[in-house]
Amino acid sequence: MYDIRIATKEDIDILMSSRLEMLRVVNDLSDDYDFSGEMINESRDYFLNGDHLTILALDGNDFIGCASISFIRMMPTFDHITGKRAHLMNVYTRSEYRRQGIARRMVQMLIEESWKAGATEISLDSTELGRPLYESLGFNASAECMVLTRKKEEW
């Protein structure tokens with residue numbers, strides 16, 4: 001059985017290495033891809049100071065997976081009386097550990113923790129590979145949202 005638990009600030013080295021590994025795999029980057037200092041510093045700061053939870057999956061001392069949820073506080077509405085919403089992201093399991101229910105367990109833990117924290121909605125962006133898992137957990141595609149994204153050249 002694997003150890004699947006909520007990460008703490010003491011896990012910062014594992015959190016950072018897992019984040020960079022996940023980004024390399026998901027974005028099909030080489031193992032020696034050089035991330036910008038800003039990306040590294042902002043990720044570290046977020047893990048240490050952001051309003052989030054990250055779940056780590058370990059096989060002994062070896063990292064095998066992670067999943068994060070970020071909390072967003074908005075003005076309360078009748079449908080979202082607390083104003084607290086959450087966004088699920090960075091669900092990742094190393095390829096040799098996939099299809100064993102690890103991602104499901106991590107996401108279920110984050111859903112439970114989000115409801116306990118008062119969130120009334122959880123959103124996510126999914127790859128095609130992840131879509132069946134999220135649908136099986138009750139997530140639905142939404143046509144309600146419109147998004148404006150600032151172009152990178154405008155940053």
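Leaving aside neighbours within four places in sequence, which residues is Ser114 in contact with? In this predicted model, the contacts of Ser114 outside that window are Ile69, Phe71, Ala86, Ala119 and Ile122. Ser114 belongs to helix H3, which runs over residues 102–116. Its relative accessible area is 0%, and because buried means under 20%, Ser114 is classed as buried. The side chain of Ser114 also has a polar atom 2.8 Å from the backbone oxygen of Leu110.

Helix H3 also carries a salt bridge between Glu113 and Lys116, with the closest N and O atoms 3.3 Å apart. These two residues are 3 residues apart in helix H3, so about one helical turn separates them. In general, an α-helix has 3.6 residues a turn, so residues three or four places apart point the same way. Glu113 is partly exposed, at 24% relative accessibility, whereas Lys116 is exposed, with a relative accessible area of 63%.

Helix H1 covers residues 12–26. For its 15 residues, a rise of 1.5 Å a residue predicts a span of 21 Å, and the end C-alpha atoms are indeed 21 Å apart, so the two values agree. The buried residues of H1 are Ile12, Leu15, Met16, Ser18, Arg19, Leu20, Glu21, Met22, Leu23 and Arg24. The elements that cover these buried residues include helix H2 (37–49) and the strands S2 (52–59), S3 (62–73) and S4 (84–93). Just after H1, Asp28 adopts a positive phi of about 55°.

Glu21, one of the buried residues of H1, forms a salt bridge with Arg94 through their side chains, at an N to O distance of 2.7 Å. Because Glu21 lies in helix H1 and Arg94 in the loop between S4 and H3, the pair ties together parts that are 73 residues apart in sequence. Arg94 is partly exposed, with a relative accessible area of 24%.

Over the whole structure, 6 salt bridges are found. Among them is the pair Arg5 and Asp11, whose side chains meet at 2.8 Å, N to O. Arg5 is partly exposed, at 25% relative accessibility, while Asp11 is buried, with a relative accessible area of 9%. Through salt bridges that share partners, Asp3, Arg5 and Asp11 are joined into one network.

Technical notes:
Residues are numbered from 1 along each chain as its sequence is written. This is a predicted model: local features need pLDDT of at least 70, side-chain atom pairs count only at pLDDT 80 or more; totals for chains, interfaces and linings use all residues. Side-chain values use heavy atoms; hydrogens and water are left out. Helices (H or I, at least four residues) and strands (E, at least two) are DSSP runs, numbered from the N terminus. The expected span of a helix is 1.5 Å times one less than its number of residues. Buried means under 20% relative accessible area, exposed over 50%, partly exposed in between (1.4 Å probe, protein chains only). Contact means heavy atoms within 4.5 Å. A polar contact is a pair of N or O atoms within 3.5 Å; within protein, one must be able to donate a hydrogen and the other to accept it, and residues adjacent in sequence count only if both atoms are side-chain atoms. A salt bridge is a side-chain nitrogen of Lys or Arg within 4 Å of a carboxyl oxygen of Asp or Glu.
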